[in-house]
Amino acid sequence: MKAKVPFFDLTLQFKSIENEIKSALDEVFQSQQFIMGSQVQTLEKTIAQYCRTQYAMGVASGSDALLLSLMALGIEPGDEVLLPPFTFFATAGSVSRLGATPVFVDINPETYNIDPFKIEEKITSRTKAIIPVHLFGQCADMDPLLQIAQARKLFVIEDAAQALGAEYKPKADSEERRAGQMSDLGCFSFYPTKNLGAFGDAGMVVTSNLALSEKVRLLRAHGSQPKYFHQSIGVNSRLDTLQAAILLVKFKYLEKWTAERQKKAERYQVLFQDLCSWVHGFQRPTIQYQNRHIFHQYVIRVPKRDRLRQFLMEEGVGTDIYYPLPLHLQECYSFLKYHRGDLPISEKASEEVLALPIYPELTEDRQMKVVDRIKTFYKN
Ligand SMILES: *Cc1c(COP(=O)(O)O)cnc(C)c1O
């Protein structure tokens, strides 16, 4: 039990696929097709099929996937876009980059995802779109959200950066749908720490709308078509061939890795069961069992969070906080004039959440150590 438990560790995963990765990279080196090589197209087809969409467009990052999706929908200054404040900055930043205004909607305290029943009250004549985030690998409650969007004629973009392969199935007799597949456009990130991670930045937009797919394709290459003739003003945001080659190798293991993550999450759930009864305010993640949660993160809610985190660090257990300050209270958004207390559920979550180590290679005894140290903390 002396061993350290890092919050995250990719080195073991790399060792297990090192040779495959190296030969995939070597193929790209030999071809010298670094921009839009054949691997990019193959990856796009692979991800579209996996997400059950017609089209997928590789882009330079998850942040750009959001930006390009908003651009494809024509979001512009004066427009308002509804999104949760309890997310990574890019969800809101992409809206602001286009001169539009992010309007924050509080979250569900169990799932940390946008609360669809708080959306309606935030809609104005300027509202153009909603961006639900499938946080930590579990889908937001999409059916009521899509119903509102349809009735009010709003676009929906899924921020599925943490949810590749997650599924939403609200009722026993309904068909499950994949993250990214349920709305106008779905956005993915292949940032190295995501469930499918590149060796650098990379991202993807998925859609089944042909016109939108063509717009994103155009905009990611400066709106150039044919080359050097520009119909619209885009950006330079392509997915590198080298990253695509790496992602194609890693994709073969994604299902296995997801199953491993789910197994670790189940184990945590069982090991923490007793803690829920003797530590007031201790909360395990709420798993909606009809859905497919892919456990990008395993996040608990705890009393004395910062003291626990410090204690765990001293004991050699790494943790992290997603997210310590909700977006409506960020300095860069002070001009939006939100105040503490405006979105109380997000604010409370940001003070209580703690992400524990969860990755396919996490061993059982290391996981036991994490749980054991947390129990030790609350016994004293
Ligand atoms: C990682 C992430 C992004 C951004 O992806 P990058 O590839 O890092 O640009 C956007 N939204 C969420 C919820 C994320 O977790």
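Tutor: Let's start at lysine 194, where a polar side-chain atom lies 3.1 Å from an oxygen atom of the ligand. Keep in mind that this is a predicted model.

Student: How do I read a distance like that, and which other residues have N or O atoms placed this way?

Tutor: A pair of N or O atoms within 3.5 Å is taken as a polar contact. Glutamine 162 also has a polar side-chain atom 2.8 Å from a ligand oxygen. In glycine 62, a backbone N or O atom lies 2.8 Å from an oxygen atom of the ligand.

Student: How much of the ligand does the protein bury?

Tutor: The ligand exposes 380 Å² when taken alone, and the protein buries 93% of that.

Student: How many residues surround the ligand, and which are the closest?

Tutor: There are 14 around the ligand, with Gly62, Ser63, Asp159, Ser189 and Lys194 the closest. By class, this shell holds 7 polar, 5 nonpolar and 2 charged residues.

Student: How does one find a pocket, and where does the ligand sit?

Tutor: The general idea is to roll a probe the size of a water molecule over the atoms, which shows where empty space is left. Here, the ligand sits in the largest pocket. Helix H3 (62-72) and helix H4 (90-97) are the elements that give two or more residues to the shell around the ligand.

Student: What is the volume of the largest pocket, and what lines it?

Tutor: Its volume is about 490 Å³. The lining has 30 residues, and Phe88, Gln162, Tyr191, Thr193 and Lys194 lie nearest the centre of the pocket. H3, H4 and strand E8 (185-189) each supply at least two lining residues. The lining divides into 16 nonpolar, 10 polar and 4 charged residues.

Technical notes:
Residues numbered from 1 in each chain as written. Predicted model: local features only at pLDDT ≥ 70, side-chain atom pairs only at ≥ 80, totals over all residues. Heavy atoms only, no water. Near = heavy atom within 4 Å. Polar contact = N/O pair within 3.5 Å; in protein donor to acceptor, adjacent residues only side chain to side chain. Areas by Shrake-Rupley, 256 points an atom, 1.4 Å probe, with all protein chains shown as cover. 1 Å grid on protein atoms, 1.4 Å probe; cavity = no way out; pocket = protein on both sides within 12 Å on 5 of 7 lines; lining within 4 Å. Sits in = over half its atoms within 2 Å of the grid points. Helix = DSSP H or I, 4+ residues; strand = E, 2+ residues; numbered from the N terminus. Nonpolar A, V, L, I, M, F, W, Y, C, P; charged D, E, K, R; others polar. Points joined across faces, edges and corners; volume = space filled by probe spheres on them.
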